[in-house]
Amino acid sequence: MVETVYTPNAPVSKFPISQATKVGNLYFLSGQTGVDPVSGQLVGETIEQQAEQTMRNIGAILESEGLDFTDVARVTCYMSDMRNTPRFNAVFERYFISSPARSCFAVQELPRNCLCELEVIAAAK
């Protein structure tokens with residue numbers, strides 16, 4: 001059975017998607033960006049600022065289910081410019097201390113012209 005996950009502490013999409021879904025003990029988080037959940041606006045203009053907000057959004061969704069970043073098994077990163085990777089990684093490594101599996105792709109464009117978007121799969125203990 002698929003359950004929908006929602007927290008007011010992370011952005012809500014205008015599209016018919018959930019912040020995350022739960023299947024058994026697995027959590028599949030929809031792509032998160034650097035959008036502030038209160039204002040609905042993209043935070044900052046640098047990769048560091050947007051990545052920080054993206055991590056806060058992911059953390060809020062995980063926390064709403066009693067999880068944290070150490071429960072993350074897989075991350076897929078989308079970036080608009082791979083030259084930002086070293087600066088993005090500096091933020092990433094502060095949050096994902098358990099070194100989950102990861103793929104990182106350059107894409108032509110992301111929603112709202114943001115600089116990064118992350119999808120996450122986590123597992124409850």
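Start by selecting Ile47, Glu48, Ala51, Glu52 and Met55 in helix α1, then add Arg87, Phe88, Val91, Phe92, Arg94 and Tyr95 in helix α2: these two sets meet, contact being heavy atoms within 4.5 Å. The residues of this contact divide into seven nonpolar, no polar and four charged. Here Ala, Val, Leu, Ile, Met, Phe, Trp, Tyr, Cys and Pro count as nonpolar, Asp, Glu, Lys and Arg as charged, and the others, Gly among them, as polar.

A word before you click on: this is a predicted model, in which local features need pLDDT of at least 70 and side-chain atom pairs count only at pLDDT 80 or more, while totals for chains, interfaces and linings use all residues. Residues are numbered from 1 along each chain as its sequence is written, and side-chain values use heavy atoms, with hydrogens and water left out.

**Stop 1: the helix pair**

Now show α1 (residues 47-64) and α2 (residues 85-95) as cartoons. Two packed helices are described by the angle between their axes and the distance between the axes. For this pair, the axes come within 9 Å and cross at roughly 25°. The axes are lines fitted to C-alpha atoms, for helices over the stretch in contact, with angles running from 0 to 180 degrees between N-to-C directions. Because angles under 35 degrees count as roughly parallel (over 145 as roughly antiparallel, 65 to 115 as roughly perpendicular, the rest as oblique), α1 and α2 are roughly parallel to each other. Their crossing is right-handed, that is, the near helix is turned clockwise from the far one by less than a right angle.

While you are in α2, pick Asn89. Asn89 is partly exposed, at 25% relative accessibility; the scale calls a residue buried under 20% relative accessible area, exposed over 50% and partly exposed in between (1.4 Å probe, protein chains only). Draw a C-alpha distance from Asn89 to Ala51: the two are 38 residues apart along the chain and 9.3 Å apart in space.

**Stop 2: the whole chain**

Zoom out. The chain has two helices and six strands, in the order β-β-β-α-β-α-β-β along the sequence. These are DSSP runs numbered from the N terminus, helices being H or I of at least four residues and strands E of at least two. The radius of gyration is 14 Å, close to the 14 Å that the globule rule gives for 125 residues, so the chain is as compact as a globular protein of that length. That radius is taken over C-alpha atoms, and the rule is 2.2 Å times the number of residues to the power 0.38. Along its principal axes the C-alpha trace spans about 40 × 30 × 20 Å.

Of the 125 residues, 40% count as buried. Among contacts between residues at least 6 apart in sequence, 67% join residues at least 24 apart.

**Stop 3: three buried residues**

Go back to α1 and select Gln50. Is Gln50 buried or exposed? Gln50 is buried, with a relative accessible area of 3%. Leaving out residues up to four places away in sequence, Gln50 touches Gly34, Leu42, Val43, Gly44, Glu45, Cys114, Leu115 and Cys116.

Follow that list to Gly34, in the loop between β3 (26-32) and α1. Gly34 is buried too, at 0% relative accessible area. Beyond its neighbours within four places, Gly34 contacts residues including Gln41, Gln53 and Thr54. From Gly34 to Leu118, 84 residues apart in sequence, the C-alpha distance is 9.8 Å.

Next, select Phe96 in the loop between α2 and β5. Phe96 is buried, with a relative accessible area of 3%. Which residues surround Phe96, not counting those up to four places away in sequence? Phe96 touches Met55, Phe69, Val72, Val75, Leu118 and Val120.

**Stop 4: loops with some exposure**

Most residues other than glycine have a negative phi. In the loop between β5 (101-106) and β6 (116-123), find Arg112. Its phi is near 60°, a positive value, and Arg112 is partly exposed at 49%. Asn113 is found in the loop between β5 and β6 as well, with a positive phi of about 55°. Asn113 is exposed, at 56% relative accessible area.

Finish at Ser13, in the loop between β1 (2-5) and β2 (20-23). Ser13 is partly exposed, at 27% relative accessibility. The C-alpha atoms of Ser13 and Cys114 are separated by 15 Å, with their positions 101 residues apart along the chain.
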